[in-house]
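Work through the exercises below with the structure open beside you, and try each task before you read its solution.

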Amino acid sequence: MNWWHRLLRRGQMEEQLNKELRFHLEQHTADLIALGHDPGEALRQARLALGGPEQVKEQCRDARGTRWLDDLWQDFRYALRTLRQKPGFAAVALLTLALGIGATTVMFTVINGVLLKPLSYAQPDRLVLLQEQTDWSTQWGDLWAFTYPNYLDCRRESSSLDIAAWRFTGGTVTEPGEADYVNGRQVSSELLPLLGVSLARGRGFRPEDDRLGAPPVVIISYGLWQRRFAGSPEAIGRPLVFDGKPYTVAGVLPAGFRLGGDDADVFTPLGQDTSPNMQNREAHRIRVWARLKPGATLSAAQAELALVGRRLAEQYPKSNKGRTFIAQPLRPDVGDVGSTLWLLLGAVSLVLLIACANVASLLLARAVSRERELAMRVALGAGRSRLVRQCLTESALLGLTGGVLGVLLAAIGVRPFVTFWPGSLPRAEEVWLDWRVLLFALGASLASGLLFGLAPALRAPVRNLEPILRAGARTVAGSSRRLHSGFVISEIALAVVLLVAAGMLGRTMLRLSLLDPGVNLRNVLTARTALSPATLANTGRIRTAWDDILDRMRRVPGVEAVAMVDTVPMREGNNPIGYATTPAAPPAGKQPLVLANSVTPEYLKVMGLRLLEGRFFDDQDRMGSQSVVVIDEVMARQAFGGQEPVGKHLWIDLGMDPVTVVGVVGHVRYWGLAGDDQARVRAQLYYPFAQVPDKYLRRWSELMSVAVRTGIEPENMIEPLRHAVRAVTNDQVLYEVNTLEKLAGDSLARQRFLLLLFGIFAGLALLLASIGIYGVLAYLTSRRVPEFGVRMALGASARDVVWLVLRQSLGMIFLGVGVGISAALAAGRVLRRLVEGMQATGPSTFAIMIPVLVVAALFASFLPARRASRVEPMNALRQE
Amino acid sequence: MTSKSDLPQGTLDLLILKIAALGPVHGYAIAQRLQQVSRDVVQVPQGSLYPALHRLENRGLLAADWKETETGREAKFYRLTRKGRAQLETETASWQRLAEAVGLILRLSEGGAE
């Protein structure tokens with residue numbers, strides 16, 4: 001018989017045991033009667049011989065080896081019964097736990113989806129990322145993207161890896177449908193099979209597509225297929241004009257396919273890229289992914305790549321000296337959300353801890369009032385471990401039920417949470433409840449159950465039963481007081497940590513939103529601009545096209561000024577370059593850096609920059625005239641110290657000869673309101689777009705944005721401006737259109753989001769801690785009612801009694817605050833490291849947040865105190 | 001009555017197995033038989049008989065069926081399983097070895113005293 005079998009047939013087995021023993025007794029009695037004893041005496045002797053029937057049965061049950069299971073079942077039913085007897089207690093405990101576990105589970109679900117789950121490609125553990133590594137470092141480290149020739153060599157020579165490559169692109173789709181800018185990827189023909197992606201329609205790229213001069217083919221995303229081809233099966237073979245070039249649609253990707261972050265709509269063969277960089281062993285612009293062949297190991301692949309690297313370094317010393325290739329497991333690229341997520345999980349765990357402390361003190365209060373019952377059971381023969389097990393079964397039942405409710409809450413809550421995330425949460429589509437989450441929730445529930453159940457369970461009495469049995473409950477209360485205070489103190493300490501963290505974030509938000517961004521945020525619209533693909537052919541046409549765009553925009557009613565800019569303040573993307581103040585430039589990598597920004601003359605007016613010295617650019621600063629730059633105040637200090645910067649020369653990494661500083665403007669918070677203070681490169685430099693050398697012009701044109709100052713609400717200007725830019729050829733588009741105010745707001749989105757969540761957590765913590773204090777004090781004072789009765793009978797006033805109770809709680813509160821402050825200081829350091837723009841925990845934060853807590857805690861203790869003061873002395877004394 | 005001795009640890013199981021080896025038998029009969037065969041020397045506390053039976057059943061050395069006795073009552077009859085028989089043989093052998101060894105030693109000490 002298996003143990004579950006035994007469990008199911010418990011009733012039957014008990015019955016059989018009874019029957020067997022009864023048979024024995026009856027036979028024995030009958031035999032004794034036959035020997036001449038009278039019936040009564042015979043039964044007595046038979047019973048005596050057998051021994052106590054209950055003990056025998058108990059030993060037989062033990063012998064069956066399913067004792068623990070029987071006990072568990074019994075404890076479970078007992079726990080259920082006791083919980084049902086006190087529905088109020090059960091409801092409060094379950095709600096508290098459900099909130100704590102639910103919130104923790106939501107955070108873990110997000111962490112699981114974003115950080116822990118492997119990539120959603122086939123057999124992700126066999127995928128590796130290849131990078132170039134140099135034995136020297138620049139300010140960006142020693143890891144590099146691949147060059148196309150290096151990639152080809154590695155692919156040809158590796159026998160343990162299947163290797164594929166891709167890179168980011170983007171461009172204007174003009175046919176079919178309206179012209180619009182889309183993100184794209186150039187992929188090698190091996191990539192999709194390597195990832196195990198099968199197309200929804202059509203075919204993938206073949207090796208013969210993946211070379212120069214092959215007929216242009218394109219694979220489109222499922223979304224683009226729906227938008228531009230209405231999901232028609234006839235899309236395969238139809239033309240798609242991308243960046244002015246007609247492609248034939250070869251295939252459609254499955255819905256939800258992602259490659260490297262944001263959505264991409266157009267996939268073209270990498271090998272068809274005509275850029276000269278494709279032959280350049282110094283143009284690092286290719287991402288290389290690979291899959292380990294069956295049986296191959298990462299270290300074998302690594303050794304092989306090192307060999308290739310060494311050979312190439314000998315063959316091409318100019319580009320490849322000191323350069324090798326490394327392979328590491330391919331991980332999802334989720335940017336820096338990890339720190340935010342772990343931070344939130346930490347915060348939410350504190351809430352769960354408070355919830356556990358709360359339930360523990362509730363359970364403890366009950367355990368103490370049940371102390372006599374427990375002592376009675378010990379006296380009747382229950383073992384201590386048996387009692388501890390029974391208490392733990394009860395808390396495990398609470399924990400698991402709370403966990404089930406918590407998982408339900410999490411299932412409801414996780415989608416709104418993801419939607420609410422500032423910006424877009426990377427891998428949001430991967431966030432859902434799976435077995436890992438359920439396992440986590442189970443673990444969290446059991447751990448909480450153990451955490452809040454252990455203290456009451458270990459209080460199960462063992463020795464000195466007699467005083468407990470003899471004493472009134474009153475005398476017992478004193479011994480549990482320290483444990484109760486322990487819970488209150490830890491709850492308060494945890495609440496302090498969360499409150500102070502929320503306070504720090506609040507103060508930071510306030511400070512950051514009051515900062516001067518350096519530009520006038522009102523009524524500015526920024527957008528990236530894609531020129532008509534036809535104009536990109538030669539530099540003369542590019543310059544005319546830009547002039548034309550600016551002209552058209554300027555003529556739109558409501559526009560006050562228009563400028564081009566390559567780095568828009570507070571938007572992603574930047575271009576730090578090295579500079580020197582003398583012709584003898586220090587070696588690359590050692591130079592000081594400056595954020596270089598090419599702009600047109602009206603930029604000063606559009607952004608409302610403060611001109612501190614000299615002049616800004618005008619139309620005379622053009623190709624052939626003196627090369628000029630304008631610097632900001634930070635750069636002026638950094639490069640020239642106290643000297644007058646205007647008229648000085650600078651040598652910068654842009655292929656221009658020494659440039660002359662003609663003006664100084666105010667500092668702009670390019671890195672966002674929060675990030676700028678800690679940015680690595682804070683110096684800023686502007687140079688005229690008109691003086692960008694021809695060789696860079698095409699590349700620059702892909703990066704330029706326009707910025708427009710409007711006289712009216714900028715949102716209303718978007719459509720007219722789009723229309724104006726579209727031009728005769730109908731293929732020039734504005735994209736990533738934003739107001740500067742929105743960009744500034746977004747640069748604080750993370751801080752705002754954290755503030756909101758920490759605010760909620762801190763509020764929750766405050767509420768739970770207050771409930772905890774209330775519960776513990778209500779319990780402790782109810783135990784002291786007879787004492788209060790005596791005091792009042794001896795002349796204490798109601799006020800004295802209130803003070804007595806409050807003094808008790810004040811002691812706990814201040815101890816908790818003390819512990820909390822030191823913990824909060826430590827937590828503050830963590831926050832400072834993880835959140836941009838955070839400042840040290842100032843005393844003012846404590847000064848504001850701690851009174852909030854003390855007042856709430858005192859309010860919670862006042863209710864039981866007042867109740868105690870209204871005790872009728874005679875009634876109280878009669879309770880004895 | 002005064003010459004009753006307690007069973008050495010573990011021998012109760014061996015005796016039960018031996019009696020069950022003679023054919024299916026119920027608990028009361030085992031108690032009777034033990035007492036008769038040992039001529040009342042071995043006093044089996046009846047209270048420990050049933051836990052021992054259940055333990056042996058649980059270990060698969062005994063199997064049990066409900067059958068009618070000759071008096072027409074239902075009783076739980078225990079019989080030896082194949083595993084039980086093997087256990088009985090090894091335990092009997094080791095018991096005899098032990099008994100001989102103990103006997104040898106006792107005789108030796110008597111000879112020394114003469």
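**Exercise 1. A helix pair across two chains**

Task: Decide how helix α4 of chain A and helix α3 of chain B are oriented towards each other, and find which residues meet.

Solution: Keep in mind that this is a predicted model. Begin with the conclusion to be reached, which is that α4(A) and α3(B) are roughly parallel to each other. The step that leads there uses the crossing angle, because angles under 35 degrees count as roughly parallel, and the axes of α4(A) (residues 53-64) and α3(B) (residues 46-58) cross at roughly 15° while coming within 8 Å. The handedness of this crossing is right-handed. Next, look for the residues in contact: from α4(A) they are A:Q55, A:V56, A:Q59, A:C60, A:A63 and A:R64, and they meet B:G47, B:Y50, B:P51, B:H54, B:R55 and B:N58 of α3(B). Sorted by class, the residues of this contact are 5 nonpolar, 5 polar and 2 charged.

**Exercise 2. The contact between the chains**

Task: Find how many residues each chain brings to the contact, and which element of chain B gives the most to its side.

Solution: Count by chain to begin with, which gives 17 residues from chain A and 13 residues from chain B. On the side of chain B that touches chain A, at least two residues come from each of α2, α3 and β3 (74-80). Of the elements of chain B, α3(B) gives the most to this side, with 7 residues. The class count for the side of chain B is 5 nonpolar, 5 polar and 3 charged.

**Exercise 3. A helix pair within chain B**

Task: Work out whether α1(B) and α2(B) are roughly parallel or roughly perpendicular to each other.

Solution: Take the geometry as the starting point, where α1(B) (residues 11-21) and α2(B) (residues 27-37) pack at an angle of about 105°, with their axes 10 Å apart. Angles from 65 to 115 degrees count as roughly perpendicular, and therefore α1(B) and α2(B) are roughly perpendicular to each other. The contact is made by B:L15, B:I16 and B:I19 on α1(B), together with B:I30, B:R33 and B:L34 on α2(B). These residues divide into 5 nonpolar, no polar and 1 charged.

**Exercise 4. The partners of a strand**

Task: Identify the strands that β14(A) is joined to, and the sense in which they run.

Solution: Follow β14(A) (residues 576-580) to β15(A) (residues 593-599), with which it pairs in the antiparallel sense over 3 bridges. Here A:G578 has A:L593 of β15(A) as its bridge partner. Then turn to β18(A) (residues 649-652), which is joined to β14(A) by 2 bridges and runs antiparallel to it. In this pairing, A:A580 stands opposite A:W651 of β18(A).

Technical notes. Residues numbered from 1 in each chain as written. Chains lettered and ligands numbered in written order. Predicted model: local features only at pLDDT ≥ 70, side-chain atom pairs only at ≥ 80, totals over all residues. Axes fitted to C-alpha atoms, helices over the stretch in contact; angles between N-to-C directions. Helix = DSSP H or I, 4+ residues; strand = E, 2+ residues; numbered from the N terminus. Parallel < 35°, antiparallel > 145°, perpendicular 65-115°, else oblique. Contact = placed C-beta atoms within 7 Å. Nonpolar A, V, L, I, M, F, W, Y, C, P; charged D, E, K, R; others polar. Left-handed = near helix turned anticlockwise from the far one by under 90°. Pairing = 2+ DSSP bridges.
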